[in-house]
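Q: I am new to this structure and would like a close look at one part of it. Could you walk me through that part and then show me how the rest is built around it?

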Amino acid sequence: MKMKKFASVLLAGAMVATMAGCTTTTDPDQPTTPGTTVTDPANPSTPAADGEVNLTMWCIATESDSNRHSYEAAIADVTAAHPEINFTWEAFENESYKTKIKAAVAADEMPDIFFTWSCAFLGDFVDAGRVYCLDDAYAKVKDELPESMMGNSTYNGKHYGVPLTMNIVGLFANMDLLKEVGYDEIPGTYDEFIACCDALKAANIIPFGCAGKETWCVTEYLESVIEKSVGYETLNDIFLARATWANPDVASAVDTFQSLVVNGYFDPAGDALTNDEVKANFMAGKYAFYMNGTWNCADFAANDEFFAKVKVGEFPVINADKATLGQLIGGPSDTLAVAQSSPNAAVAADFTFELGRLICKYGYLDGCGLPAWNVNYDDSAVNGLTQTVASICAQAKGYVLFGDTAMAAGDAQTYLEEVAMVYGCEVDGQTFVDDLASAIR
């Protein structure tokens, strides 16, 4: 196995995604060292026992989430090592959590530790003065966690987040279905890809499964089409507000995506389905392709029957004059942060780094993503799908962080609303870019 080598190469490659870093306009003061009287932020009227520290955490590792086991295993290890800490945690569904954490930040009613997405999503909270600076805690672990992995959660030169695993958007394929129409491999060019979709459709096989009920799932397709049409640098500059949406090449790429919808390549019933339902349908053989995060590798590998059928690849290049293979959607994003309001923020910071390192370890071993932290353990049992993803990332030319994460919260919401209208064929590509150029800049 060469996974350790892949991990080190990946860390270097991921620097492309993080070199620019994120910026914010404020530099909040840090709280003083917590006193000896500690209360549980979730139950402030209940004091902790003598010598015990209460810490709470919110995250999105629900029972159905691919990362659930990595959280459970990491929490078991860290709490066993710290009997002096009374740790409680809650997990929330992805979309509802975005609303919940934003409301908690606005009201300054946050848990001690919270899951967040990096770049602008976390940056908004830093700007509001709600996030504890992790510089002192990071100094203790920097030999294990490269600075390159911290870029998406670094603002004005200060560190505010602990990265976990990193993922990209993968093109998953049910090879049994592709073989029915004469394909032994995932098509490598866009023309071949479209020909494959046409053959699938003619055989009454639905090419794509997508959860229209969860717009972030639509962006997994749309952003890949745009990136492979205009290039990662152009899309990244737009997401980070360094360039305008008023770009005719982007408008054309959106039209290309919409043509996939109009041509009937997507399951029309997907509009009313959640991602969990679409994923289950894909595994049951209803769709040939499923574009989604490579955290799904773990669940696919855990199903022996399906694992024998599935392969993962990269969405093909549409415009070779502007894009290449190795330009990927994703990068370091999943992050843990500490609330500035925590009465035990310094303790929580050290605890969060310990927890993050182990979530990363177990998540990687489970096949839920690639490691942001250095690998200093046996990883020879990592599943073959994750190894393929590691190979793809080792050849990466550049990353573009998921749009609804890279953009500021208000802009991201406007973007998602416009994406939903594209998917519903309510607007075309030109209207899409005009609307966003007007609303965002």
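Leaving aside its neighbours within four places in sequence, which residues is Lys-98 in contact with?

A: Happy to take you there. Please keep in mind that this is a predicted model. Once the neighbours within four places in sequence are set aside, Lys-98 is in contact with Trp-117, Phe-121 and Asp-404.

Let's start with the residue itself. Lys-98 belongs to helix α4. With a relative accessible area of 12%, Lys-98 counts as buried, because the cut-off for that word is under 20%. Lys-98 also has a salt-bridge partner, Glu-95, and the closest N and O atoms of the two are 3.3 Å apart. Both Glu-95 and Lys-98 sit in helix α4, 3 residues apart, which is about one turn of the helix. An α-helix has 3.6 residues a turn, so residues three or four places apart point the same way. The two partners have unlike surroundings: Glu-95 is partly exposed at a relative accessible area of 27%, whereas Lys-98 is buried at 12%.

Now step back to the sheet beside this helix. Five strands make up an open sheet, in the order β4-β3-β5-β14-β8, and their pairing is mixed. At the edges are β4 (85-91) and β8 (162-163), each of which pairs on one side only. Helix α4, which covers residues 94-107, packs on the sheet and touches β3 and β5 (113-117); the direction of α4 makes about 120° with that of β5. Strand β3 (residues 53-59) pairs with β4 in the parallel sense, over 7 bridges. For one pair you can find by eye, look at Thr-56, whose bridge partner in β4 is Thr-88. A second helix, α5 (residues 120-127), lies across β5 and β14 (334-338) and runs at about 130° to β5.

Another set of strands is worth a visit. Strand β13 spans residues 327-332, and 6 of its 6 residues are buried, so β13 is largely enclosed by the rest of the structure. Strand β9 (residues 165-174) is joined to β13 by 3 bridges, and these two run antiparallel. Within that pairing, Met-166 has Pro-332 of β13 as its bridge partner. Strand β16 (residues 398-400) is also joined to β13 by 3 bridges, but here the strands run parallel. Ile-329 stands opposite Val-400 in β16.

Further along the chain comes helix α18, residues 409-423. Its 15 residues, at 1.5 Å each, should span 21 Å, and the end C-alpha atoms are indeed 21 Å apart, so the expected and computed lengths agree. Several residues of α18 are buried, including Ala-409, Ala-412, Tyr-415, Leu-416 and Val-419. Glu-418 is also among the buried residues of α18. Just after this helix, Cys-425 takes a positive phi of about 55°.

The salt bridge we began with has company: the count comes to 14 salt bridges. One of them joins Asp-267 to Lys-286, with the closest N and O atoms 3.5 Å apart. This pair links distant parts of the chain, 19 residues apart: Asp-267 is in the loop between α11 (248-262) and α12 (275-283), while Lys-286 is in the loop between α12 and β11 (287-293). Asp-267 is buried, at a relative accessible area of 4%, and Lys-286 is partly exposed, at 36%. Another salt bridge is formed by Glu-305 and Lys-309, where the closest N and O atoms are 4.0 Å apart. Glu-305 is exposed, at 60% relative accessibility, and Lys-309 is partly exposed, at 23%. There is also a network, in which salt bridges that share partners join Glu-63, Arg-68 and Glu-72.

Finally, here is the setting as a whole. The chain holds 19 helices and 16 strands. Of its 441 residues, 57% are buried, and Lys-98 is one of the buried residues. Among contacts between residues at least 6 apart in sequence, 76% join residues at least 24 apart. The chain exposes about 17,000 Å², and carbon and sulfur atoms supply 50% of that area.

Methods. Residues numbered from 1 in each chain as written. Predicted model: local features only at pLDDT ≥ 70, side-chain atom pairs only at ≥ 80, totals over all residues. Heavy atoms only, no water. Helix = DSSP H or I, 4+ residues; strand = E, 2+ residues; numbered from the N terminus. Buried < 20%, exposed > 50% of the residue type's maximum accessible area, 1.4 Å probe, protein only. Contact = heavy atoms within 4.5 Å. Areas by Shrake-Rupley, 256 points an atom, 1.4 Å probe, with all protein chains shown as cover. Expected span 1.5 Å × (residues − 1). Pairing = 2+ DSSP bridges. Axes fitted to C-alpha atoms, helices over the stretch in contact; angles between N-to-C directions. Salt bridge = Lys/Arg side-chain N within 4 Å of Asp/Glu carboxyl O.
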